[in-house]
Amino acid sequence: MARILITSALPYINGIKHLGNLIGSQLPSDVYARYMRAIGNEVMFICATDEHGTPAELAAAKAGKDVAEYCREMHAVQQDLANGFRLSFDHYGRSSSPQNRKLTQYFAGRLADNGLIEEVSEKQVYSHADGRFLPDRYIEGTCPNCGYDRARGDQCENCTKQLDPTDLINPRSAISGSTDLEVRETKHLYLRQSKMRDELDEWINSKTDWPILTTSIAKKWLHDGDGLKDRGITRDLSWGVPVKRGEADWPGMEGKVFYVWFDAPIEYIAATAEWAEAHGLDDEAWQRWWRTDKGADDVKYVQFMGKDNVPFHTLSFPATIMGSRDPWKLVDYIKSFNYLNYDGGQFSTSQGRGVFMDQALDILPSDYWRWWLLSHVPESSDSEFTWENFQQGVNKDLADVLGNFVSRVTKFCRSKFGEVVPEGGAYGEAEIAVIKAIEERVASYQANMEAIEIRKSTADLRAIWVLGNEYLQEAAPWSKFKEDPEAAAAIVRFALNLIRLYAVLSEPFIPDAAQTMTSAMNAEGAQWPTDISAALESLPAGHPFSVPDVMFAKITDEQRDEMQAKFAGKSKAAELAQS
RNA sequence: GGGCCUGUAGCUCAACUGGUUAGAGCAGAGCGCUCAUAACGCUUUGGUUGGGGGUUCGAGUCCCUCCGGGCCUACCA
């Protein structure tokens with residue numbers, strides 16, 4: 001039995017995430033976690049809300065709430081949605097936890113001890129009206145290059161020129177619109193990543209089996225221009241982890257907090273500590289996942305994330321871990337994803353374009369979304385959600401291929417033999433052929449899951465379902481029943497056992513439907529098959545079962561059109577008028 | 001501007017380090033079955049692998065160039 005540590009990139013606290021966010025990390029990591037548990041490994045599956053930073057403060061202010069209160073509420077909302085999508089986190093933590101505060105301060109202290117922290121005095125824009133320093137992108141003004149009057153302090157969206165906030169003509173706060181701005185001197189801590197460039201480079205180069213998407217982004221940052229740059233890890237904000245050097249105060253850094261991208265990855269560790277606390281366990285319980293000197297040397301650690309998160313996970317966080325010179329567990333494999341687009345464009349929170357997690361669950365059960373999203377997960381390039389594809393995929397795969405198979409087998413049995421596994425006859429050549437075909441497909445399925453090739457795994461799983469329909473067509477128990485009821489009984493017994501097998505094999509992708517099948521087959525506790533032939537003898541003659549309700553109702557054309565209209569977002573005219 | 005990714009049948013995608021007539025699923029067409037959510041099965045039509053050039057005995061795969069799509073470019077997270 002192996003031990004697998006799995007983390008999914010932390011969703012930001014600011015609002016409800018859309019399906020693009022969901023499929024970009026949480027959903028594939030959940031499938032992987034469920035699969036690894038199913039085949040008998042010990043799994044620690046961690047996620048958390050990323051709660052610090054300027055956007056959280058602003059969102060709270062907009063909602064008229066204290067930021068801590070706002071985060072508490074939004075965490076509960078996101079936790080609830082995670083449950084709704086059946087995300088099987090062992091712990092869904094919060095980056096604002098006491099554990100994370102302590103660990104973040106600890107890491108900063110270690111890095112400082114090892115000469116990897118530098119104090120840098122720099123100039124930042126302060127807004128009197130807002131009472132805060134403004135991050136570059138929260139300053140707007142006229143672009144000195146093209147004259148666009150809504151250029152941001154980091155880059156002009158119109159001419160794409162990169163800017164410094166001080167370059168802007170007539171700068172104003174993007175929050176309040178105030179022009180009462182002042183450039184102030186302020187001191188910040190920088191993580192001296194540049195000192196660790198060679199070490200990081202060597203480490204990345206050793207990861208030859210990682211997705212190109214992952215390594216190419218890392219290498220770009222390592223080698224672009226002057227190479228890896230040092231990075232500011234503190235901010236002038238009130239909401240965040242207060243800057244401390246371990247347990248000690250950090251002279252000159254009073255009133256400052258760590259930058260979210262410093263504390264967020266550390267929350268992976270802290271959330272595991274939160275898990276231990278929540279279960280009444282001691283420190284050893286979480287340290288055996290994270291400290292190679294305390295049992296984590298045999299742990300395989302896999303991270304999931306969207307491509308926008310790759311630099312932080314390939315460089316900043318490893319620099320933090322390595323730079324501590326403590327025996328913390330480093331990631332073994334980084335699975336990164338491209339983006340999911342929505343119907344010809346991007347998902348857009350601000351424009352209300354696309355489907356958000358709460359809305360999705362209002363419309364259809366989570367398995368519908370899980371299946372379609374996972375079978376279209378953007379592994380090799382950006383992929384696209386369209387209502388037509390969604391309807392076709394769900395109806396064909398889930399309703400017709402799998403749902404209808406369960407339906408036809410159970411109903412046929414009930415009408416001819418009653419709701420018990422029928423007795424008589426024996427498996428013959430046809431069944432042996434099916435077993436062989438399933439064995440081959442399961443081997444492929446497992447190999448693809450092992451390699452985290454999600455799309456290919458869905459194709460294997462679907463092919464396994466199809467084998468059931470092919471078998472039934474060939475065996476035709478409805479005609480056999482007339483002249484040889486015992487032969488028909490053996491066929492039906494085999495088919496009922498297929499349903500039980502499908503429940504187990506499908507669980508990582510569609511856990512609710514899997515549970516429905518398991519319950520209907522009265523087969524609680526069914527284990528992952530190591531021997532397909534034996535697994536298909538699990539339900540003996542006389543074993544009672546029940547006919548489940550229709551597992552997947554089809555999405556009608558009317559429903560599809562309705563949803564498409566509802567989620568189109570603001571009209572094109574409205575968008576144009578706005579810009 | 002620079003870097004990276006990507007372009008394969010109407011749609012969504014495969015094709016290990018270049019190696020036989022480029023494969024699946026969906027959609028379309030035909031046939032079969034009737035247990036089932038008019039579901040299922042079988043057969044079948046679709047491709048000068050974005051265009052052009054080159055290397056090679058051999059190119060979807062390598063090189064050059066052009067065209068299209070996307071991402072990143074370090075203070076949003």
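Is T458 buried or exposed? Keep that question in mind while you find the residue in this predicted model, and begin by selecting helix 14, which covers residues 454-475 and holds T458. T458 counts as buried because its relative accessibility is 4%, under the 20% that serves as the cut-off. If you now show the side chains around T458, leaving out its neighbours within four places in sequence, you will find that T458 is in contact with W371, L374, S375 and F509.

Next, select RNA strand B together with the protein residues around it, of which there are 56, with D50, Q346, D382, N404 and R408 the closest. Coloured by residue class, the surface near RNA strand B divides into 21 charged, 18 nonpolar and 17 polar residues. On the RNA side, sugar or phosphate accounts for 70% of the atoms of strand B that lie within 4 Å of the protein, while the rest belong to bases.

Then highlight helix 12 (387-417), which gives the most to this surface, with 11 residues. Helix 2 (54-62), strand 4 (117-127), helix 6 (212-223), helix 7 (260-278) and helix 14 are also among the elements that each supply at least two residues.

Finally, look at three individual side chains beside RNA strand B. An N or O atom in the side chain of K411 is 2.6 Å from a phosphate oxygen of the strand, whereas R455 has a polar side-chain atom 3.1 Å from a sugar or linking oxygen. At Q473, a polar side-chain atom lies 3.2 Å from a base oxygen of RNA strand B.

Note on methods
Residues numbered from 1 in each chain as written. Chains lettered and ligands numbered in written order. Predicted model: local features only at pLDDT ≥ 70, side-chain atom pairs only at ≥ 80, totals over all residues. Heavy atoms only, no water. Helix = DSSP H or I, 4+ residues; strand = E, 2+ residues; numbered from the N terminus. Buried < 20%, exposed > 50% of the residue type's maximum accessible area, 1.4 Å probe, protein only. Contact = heavy atoms within 4.5 Å. Near = heavy atom within 4 Å. Polar contact = N/O pair within 3.5 Å; in protein donor to acceptor, adjacent residues only side chain to side chain. Nonpolar A, V, L, I, M, F, W, Y, C, P; charged D, E, K, R; others polar.
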